[in-house]
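Thanks for making time this morning. I would like to walk you through one model, starting from the inside and working outwards.

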Amino acid sequence: ARMSDLQQATAQKILADPAVENLTSFIGVDAANNTMLHTGRLLIDFNRDHGTQDDLMARLQEAVRSVPGVTLYTWAREHNPSALEVVEKLLPLGRALKTLHARGVFHRDLKGDNVLVRESDGAPVLVDFGAGISPHAPRATWGALPPASLRYRSPESLAFIQGHQYVSKSRYQYAMTDELYALGVMLYVLLTDEYPFDGEEQEEVIHAILVGHHLPPHMRNPRV
């Protein structure tokens with residue numbers, strides 16, 4: 001099944017919920033067929049007579065999780081792939097990102113947990129564009145930085161926030177380099193099962209990313 005089929009199946013599950021009145025769009029990118037792009041945002045109108053919004057979101061998240069496949073990191077832990085297999089798995093994802101970026105679309109929360117390895121054919125599928133931006137979608141985030149995971153943030157973005165934390169309405173201009181940095185972190189984690197920059201406290205992680213010193217992957221995993 002292609003991503004369009006998965007989208008349709010997921011949309012049907014969401015629409016089956018009695019609280020959902022309307023489903024505007026669903027987003028996903030099939031890395032095995034990256035010309036099939038769906039860059040709308042998931043917009044749901046719901047009936048408040050059918051429980052709280054938190055209850056509804058819990059049910060919808062369960063519906064989305066039921067799409068066949070495992071996360072990229074789960075796939076790596078279950079299959080213990082070689083370095084070549086890891087690169088081969090990420091190549092179609094890189095091509096899909098190239099197509100997205102050419103259209104001005106950025107995921108902005110790229111990480112292994114947001115890539116599903118499809119059960120039917122093993123293709124990587126990029127999901128969860130909740131923090132994404134597109135020329136054709138309304139702005140969804142308002143902070144100085146997009147709501148991404150710290151260990152995947154580029155040093156440029158962290159340096160920006162340190163220098164502008166007291167500047168009103170300052171906003172980091174997320175770029176292709178930020179997405180490529182996150183892709184590099186994913187590759188490192190897949191090869192070593194460790195983050196290139198880490199720490200027990202948030203400040204330690206930020207410092208490590210800004211300094212930029214890390215162990216080469218082969219020193220953590222001799223198979224690389």
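**Around M186**

Setting aside neighbours within four places in sequence, M186 is in contact with L72, Y73, L90, L93, L110, K111, G112, V115 and Y152. Please keep in mind, as we go on, that this is a predicted model.

M186 also belongs to a wider group, since the largest nonpolar core has 23 residues, and M186 is listed with L72, L90 and L126 as having the most contacts inside it. The elements that give two or more residues to this core are α3, α4, β6 and α6, and the largest share, 7 residues, comes from α6. Apart from this core lies another one, of 7 residues, which includes L158, F197, V205 and I209. In soluble globular proteins, nonpolar side chains tend to be buried together.

Let me take one of the contacts of M186, namely L93, which is found in helix α4. Is L93 buried or exposed? Its relative accessible area is 1%, and because the cut-off for buried is under 20%, L93 counts as buried. L93 and V115 are 22 residues apart in sequence, and their C-alpha atoms are 8.9 Å apart in space.

Now to the second largest pocket, which holds about 220 Å³ of space. Of the 15 residues that line this pocket, the closest to its centre are A76, N80, L190, L191 and D193. Both α3 and α6 supply at least two residues of the lining, with α6 giving the most, 4 residues. By character, the lining divides into 8 nonpolar, 4 polar and 3 charged residues.

D193 brings me to the salt bridges, and you may ask how many salt bridges there are. The count comes to 3. In one of them, R77 pairs with D193, the closest N and O atoms being 3.4 Å apart, and this pair links distant parts of the chain, with R77 in helix α3 and D193 in the loop between α6 and α7, 116 residues apart. R77 is exposed, at 56% relative accessible area, whereas D193 is partly exposed, at 47%.

R151 forms a salt bridge with D198, with the closest N and O atoms 2.6 Å apart; here R151 lies in the loop between β7 and α5, while D198 lies in the loop between α6 and α7, 47 residues apart.

Finally, R118 forms a salt bridge with D121, where the closest N and O atoms are 2.7 Å apart. In this pair R118 is buried, with a relative accessible area of 6%, while D121 is partly exposed, at 49%.

Notes:
Residues numbered from 1 in each chain as written. Predicted model: local features only at pLDDT ≥ 70, side-chain atom pairs only at ≥ 80, totals over all residues. Heavy atoms only, no water. Core = buried A, V, L, I, M, F, W, Y, C linked by side-chain atoms within 4.5 Å. Buried < 20%, exposed > 50% of the residue type's maximum accessible area, 1.4 Å probe, protein only. Contact = heavy atoms within 4.5 Å. 1 Å grid on protein atoms, 1.4 Å probe; cavity = no way out; pocket = protein on both sides within 12 Å on 5 of 7 lines; lining within 4 Å. Points joined across faces, edges and corners; volume = space filled by probe spheres on them. Nonpolar A, V, L, I, M, F, W, Y, C, P; charged D, E, K, R; others polar. Salt bridge = Lys/Arg side-chain N within 4 Å of Asp/Glu carboxyl O.
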